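User: Could we go through this model together? I would like to begin with its surface and then turn to its aromatic rings.

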Amino acid sequence: MWMKETAAVMPENASVLAVSHMGPISCMLQYALGIPMSLFPRFKPGNASLTYLKVGKKAIPEQIQIVYYAVTPDIVCRDRENV
């Protein structure tokens with residue numbers, strides 16, 4: 001899996017930006033949450049949305065934190081109005 005291979009060679013606390021379609025994002029989230037690929041696609045992030053994962057060095061599910069999922073500019077603006 002791309003996420004494991006990338007995490008293995010990255011320095012500690014490094015960042016990687018991956019631009020992708022819905023399918024690979026759903027696969028990464030399903031992997032992180034232990035949802036079988038037979039249920040693909042379990043997640044359907046919207047176009048131009050942002051999903052942020054923190055991944056540990058081994059990229060095993062126990063080391064993956066979903067920081068946010070499918071955030072879009074309208075959500076960010078709406079949240080700022082409520083602050």
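**Surface patch and aromatic pairs**

Analyst: In this predicted model, the residues L50, Y52, V67 and Y68 form a nonpolar patch on the surface, and together they have about 320 Å² of accessible area.

User: Which strands each supply at least two residues of the nonpolar patch?

Analyst: They are β1 (50-55) and β2 (64-71). Y68, for example, is found in strand β2.

User: Is Y68 buried or partly exposed?

Analyst: Y68 counts as partly exposed, because its relative accessibility is 32% and the partly exposed class runs between 20% and 50%.

User: New topic: how many aromatic pairs are there?

Analyst: The count comes to two aromatic pairs. In one of them, the ring centres of F43 and Y69 are 5.6 Å apart and the planes stand at 70°, so this pair is edge-to-face.

User: Which parts does that pair tie together?

Analyst: F43 lies in the loop between α2 (22-33) and β1, while Y69 is in strand β2, so the pair links parts that are 26 residues apart in sequence. F43 is buried, at 17% relative accessible area, whereas Y69 counts as partly exposed at 33%.

User: And what about Y52 and Y68?

Analyst: Y52 and Y68 form a tilted aromatic pair, with 5.4 Å from centre to centre and 55° between the planes. Y52 belongs to strand β1 and Y68 to strand β2, so this pair ties together parts 16 residues apart in sequence.

User: How does Y52 count, buried or partly exposed?

Analyst: Y52 is partly exposed, with a relative accessible area of 34%.

Key: Residues numbered from 1 in each chain as written. Predicted model: local features only at pLDDT ≥ 70, side-chain atom pairs only at ≥ 80, totals over all residues. Heavy atoms only, no water. Patch = residues over 30% accessible without salt bridge, like charges linked within 9 Å, V, L, I, M, F, W, Y side chains within 5 Å. Areas by Shrake-Rupley, 256 points an atom, 1.4 Å probe, with all protein chains shown as cover. Salt bridge = Lys/Arg side-chain N within 4 Å of Asp/Glu carboxyl O. Helix = DSSP H or I, 4+ residues; strand = E, 2+ residues; numbered from the N terminus. Buried < 20%, exposed > 50% of the residue type's maximum accessible area, 1.4 Å probe, protein only. Phe/Tyr/Trp six-rings, centres within 6.5 Å; stacked < 30°, edge-to-face > 60°.
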